[in-house]
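Here are some short exercises to work through with the sequence and the 3D view open side by side. Try each task yourself before reading its solution.

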Amino acid sequence: MTLTASIDLFARWLHLMGILVWMGHNYANVIQNPRFKPAQPSDPGSMLAAMQREHGTFRYASLVVLATGVYMLWYRGLLMDALTLSDSALYIGIGVWLGIIMVLNLWFVLWPHQKKVLGFVPAEDNERIRCSRITFLSSRTNSVLSVFTLFFMIAGAHGLILFS
């Protein structure tokens, strides 16, 4: 096996593991918390429990998924076709753009508000409660988008015949 083939294989496994961590966290969050419950910032016990549940691993898994996915498309010469939704890369390109939207939602909507909820950034109780609703909705948005992202990624790589 050549070095480039080994790197590609490693990137595939890293991509898959990142997806399992990131999407697994999204789904576990939806299953464990099916309804919105405002944070109770004055109750240290609930804040500690929230911090234990919501750690940073899944955020970095999103970056691993994005970086390895971009690498694999680049390696195969499909990156520009996927990003421009061209030719046979249309369906995987839709999946790529949905994944990019999810990463942006995570890092620029969910995380800034979550830092306030968890107490990493000082905020008044009312602000924390408001931010807890935003993080709830942002997380649910990513969970819903992940279904379509996975569908288009798989269809783009393995089910193109369905769309011919």
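**Exercise 1: What lines the pocket**

Task: How do the residues lining the largest pocket divide into nonpolar, polar and charged?

Solution. The lining of the largest pocket holds 20 nonpolar, 8 polar and 2 charged residues. Next, look at the space itself: in this predicted model, the largest pocket has a volume of about 890 Å³. To find its centre, go to H15, M72, I92, M153 and A157, which are the closest to it of the 30 lining residues. Finally, trace the walls: α1 (3-32), α3 (57-75), α5 (90-117) and α6 (125-158) are the elements that each give two or more residues to the lining.

**Exercise 2: The overall fold and its confidence**

Task: How many helices and strands does the protein chain have, and which helix has the lowest mean pLDDT?

Solution. Start with the count: there are 6 helices and 0 strands, so reading from the N terminus gives α-α-α-α-α-α. Then check the confidence. The chain averages a pLDDT of 84, and 79% of its residues score at least 70. Helix α2 (residues 44-53) has the lowest mean, 56, while helix α4 (residues 79-83) has the highest, 96. Last, consider the packing: 39% of the 164 residues are buried. Of the contacts between residues at least 6 apart in sequence, 75% join residues at least 24 apart.

**Exercise 3: The nonpolar cores**

Task: Which element gives the most residues to the largest nonpolar core?

Solution. First find the core: it has 16 residues, and W22, M23, M102, L106 and W107 have the most contacts inside it. Its elements with two or more residues are α1, α3, α5 and α6. Of these, α5 gives the most, with 8 residues. Apart from this core lies another, of 7 residues, including L73, A89, I92 and V96. I92 is worth a second look, as it is also among the residues closest to the centre of the largest pocket. Now zoom in on W107. Leaving aside neighbours within four places in sequence, W107 is in contact with R59, Y60, S62, L63 and P112.

**Exercise 4: A threonine in α6**

Task: Is T135 buried or exposed, and which residues does T135 contact beyond its neighbours within four places in sequence?

Solution. Find T135 in helix α6. Its relative accessible area is 13%, and the cut-off for buried is under 20%, so T135 is buried. Beyond its sequence neighbours, T135 is in contact with L110, H113 and Q114. You can also check a distance: the C-alpha atoms of T135 and W111 are separated by 7.7 Å, though the two residues are 24 apart along the chain.

**Exercise 5: Positive phi in a loop**

Task: Where is L85, and what is the phi of L85?

Solution. Begin with the rule of thumb: most residues other than glycine have a negative phi. L85 sits in the loop between α4 and α5, and its phi is near 55°, a positive value. D87 lies in the loop between α4 and α5 as well, and it has a positive phi of about 50° although it is not a glycine. For accessibility, L85 has a relative accessible area of 37% and is partly exposed. D87, at 65%, is exposed, because the cut-off for that label is over 50%.

Terms used
Residues are numbered from 1 along each chain as its sequence is written. This is a predicted model: local features need pLDDT of at least 70, side-chain atom pairs count only at pLDDT 80 or more; totals for chains, interfaces and linings use all residues. Side-chain values use heavy atoms; hydrogens and water are left out. On a 1 Å grid over the protein atoms alone, a cavity is a set of points where a 1.4 Å probe fits but cannot get out, and a pocket is an open set with protein on both sides within 12 Å along at least five of seven lines; lining residues have an atom within 4 Å of a point. Grid points are joined across faces, edges and corners, and a volume is the space filled by probe spheres set on the points. Helices (H or I, at least four residues) and strands (E, at least two) are DSSP runs, numbered from the N terminus. Ala, Val, Leu, Ile, Met, Phe, Trp, Tyr, Cys and Pro count as nonpolar, Asp, Glu, Lys and Arg as charged, and the others, Gly among them, as polar. A nonpolar core is a set of buried Ala, Val, Leu, Ile, Met, Phe, Trp, Tyr and Cys residues joined through side-chain atoms within 4.5 Å. Buried means under 20% relative accessible area, exposed over 50%, partly exposed in between (1.4 Å probe, protein chains only). Contact means heavy atoms within 4.5 Å. pLDDT is the predictor's confidence in each residue, from 0 to 100.
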